[in-house]
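Hi,

Here is the model I promised to pass on. Have a look at it first, and then read my notes underneath.

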Amino acid sequence: MFLLQTSISIFQDSTTYYSDICVGSIACRLEKKEDGAIRVYIMTLGVLAPYRGLGIGTKLLNHVIDLSSKENIGEIYLHVQTNNEDAINLYKKFGFEITETIKNYYVRITPPDCYVVTKYIRQPQSEK
Ligand SMILES: CC(C)(COP(=O)(O)OP(=O)(O)OC[C@H]1O[C@@H](n2cnc3c(N)ncnc32)[C@H](O)[C@@H]1OP(=O)(O)O)[C@@H](O)C(=O)NCCC(=O)NCCS
């Protein structure tokens with residue numbers, strides 16, 4: 001199994017104060033499907049609460065989509081809690097579709113249901 005991790009740090013204006021904080025991260029793994037094709041599973045994506053809505057999640061997701069595209073990977077997917085509107089909006093903005101709903105996926109959080117959201121990346125060689 002291969003693990004890909006990337007993070008973004010924000011450096012604040014040194015005239016007020018200076019800090020180097022990791023404010024967001026995304027972690028993915030590569031999975032082999034039954035037909036041999038490789039897909040990316042996003043295990044975690046998170047941005048510290050005070051830094052949300054600033055485009056960091058977008059940047060992290062873009063990074064993974066770009067890398068996947070460069071590696072000719074045609075599918076990225078993840079699980080998201082059904083009430084997580086911020087995250088669902090973000091994924092929809094990137095062309096992810098709800099491909100499955102799983103009841104009682106989570107054990108310790110409510111609601112326990114999740115969506116599987118999937119983005120299919122069209123590969124250049126399949127274009128006519
Ligand atoms: C989901 C998350 C990673 C988004 O990160 P972010 O840095 O705030 O995202 P961005 O600033 O790039 O915003 C991207 C899109 O997310 C959605 N979004 C972000 N904040 C939102 C909010 N407060 N309300 C509604 N939609 C929101 C919007 O669609 C936004 O696109 P827009 O700016 O064009 O409207 C962040 O909210 C987070 O860490 N949440 C908690 C952890 C989590 O739920 N992770 C996902 C698990 S599947």
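**Strands and pairing**

Glu-97 stands opposite Thr-118 in β6. Those names need a little background: helices (H or I, at least four residues) and strands (E, at least two) are DSSP runs, numbered from the N terminus. Two strands pair if DSSP finds at least two bridges between them. By that rule β5 and β6 are an antiparallel pair with 5 bridges. β4 and β6 also run antiparallel, joined by 7 bridges, and one of the partnerships here puts Val-80 against Tyr-115 in β6. β3 and β4, on the other hand, pair in the parallel sense over 2 bridges, with Tyr-41 opposite Tyr-77 in β4.

Overall, the protein chain has 2 helices and 6 strands, and the order from the N terminus is β-β-β-α-β-α-β-β.

**What sort of model this is**

It is a predicted model, so local features need pLDDT of at least 70 and side-chain atom pairs count only at pLDDT 80 or more, while totals for chains, interfaces and linings use all residues. Residues are numbered from 1 along each chain as its sequence is written.

The mean pLDDT (the predictor's confidence in each residue, from 0 to 100) is 84 for the protein chain, and 81% of its residues reach 70 or more. Two stretches with pLDDT below 50 are residues 1-5 and residues 7-18. Counting two residues as in contact if their C-beta atoms, placed from the backbone, lie within 7 Å, residues 1-5 have 8 contacts in the model beyond near neighbours in sequence, and residues 7-18 have 20. Where pLDDT is low, the predicted coordinates should not be read in detail.

For the chain as a whole, take contacts with a separation of 6 or more: 51% of them are between residues 24 or more positions apart.

**The core**

I use "buried" for a residue with 20 or more other C-beta atoms within 10 Å of its own, "exposed" for 12 or fewer, and "partly exposed" for anything in between, with C-beta atoms placed from the backbone. Of the 128 residues in the protein chain, 16% count as buried.

A nonpolar core here is a set of buried Ala, Val, Leu, Ile, Met, Phe, Trp, Tyr and Cys residues joined through C-beta atoms within 7 Å. The largest one has 17 residues, and those touching the most other members are Ile-26, Ile-42, Val-64, Val-80 and Val-117. At least two core residues each come from β2 (20-32), β3, α1, β4 and β6 (114-120), and α1 gives the largest share, with 4.

β4 shows a neat alternation. Ile-76, Leu-78 and Val-80 point to one face and are buried, whereas Glu-75, Tyr-77, His-79 and Gln-81 point to the other and are not. Leaving out residues up to four places away in sequence, Val-80 touches Ala-87, Ile-88, Tyr-91, Cys-114, Tyr-115 and Val-117.

**Around the ligand**

Which residues come nearest to the ligand? Of the 19 around it (C-beta atom, placed from the backbone, within 6 Å), they are Arg-52, Gly-57, Thr-58, Asn-89 and Leu-90. The elements that give two or more residues to this shell are β3 (38-47), α1 (56-70), β4 (75-81) and α2 (85-93). The largest share, 6 residues, is from α2.

By class, the shell has 8 nonpolar, 7 polar and 4 charged residues. For that count, Ala, Val, Leu, Ile, Met, Phe, Trp, Tyr, Cys and Pro are nonpolar, Asp, Glu, Lys and Arg are charged, and the others, Gly among them, are polar.

**Backbone oddities**

Most residues other than glycine have a negative phi, and most peptide bonds are trans. These are the exceptions I would look at:

- Asn-72, in the loop between α1 and β4, has a positive phi near 60°. Asn-72 is partly exposed, with 13 other C-beta atoms within 10 Å.
- Asn-104, in the loop between β5 and β6, has a positive phi of about 55°. Asn-104 counts as exposed, with 9 C-beta neighbours inside 10 Å.
- Thr-110 and Pro-111 are joined by a cis peptide bond, with omega about -5°. Pro-111 is found in the loop between β5 (97-102) and β6.

Cheers
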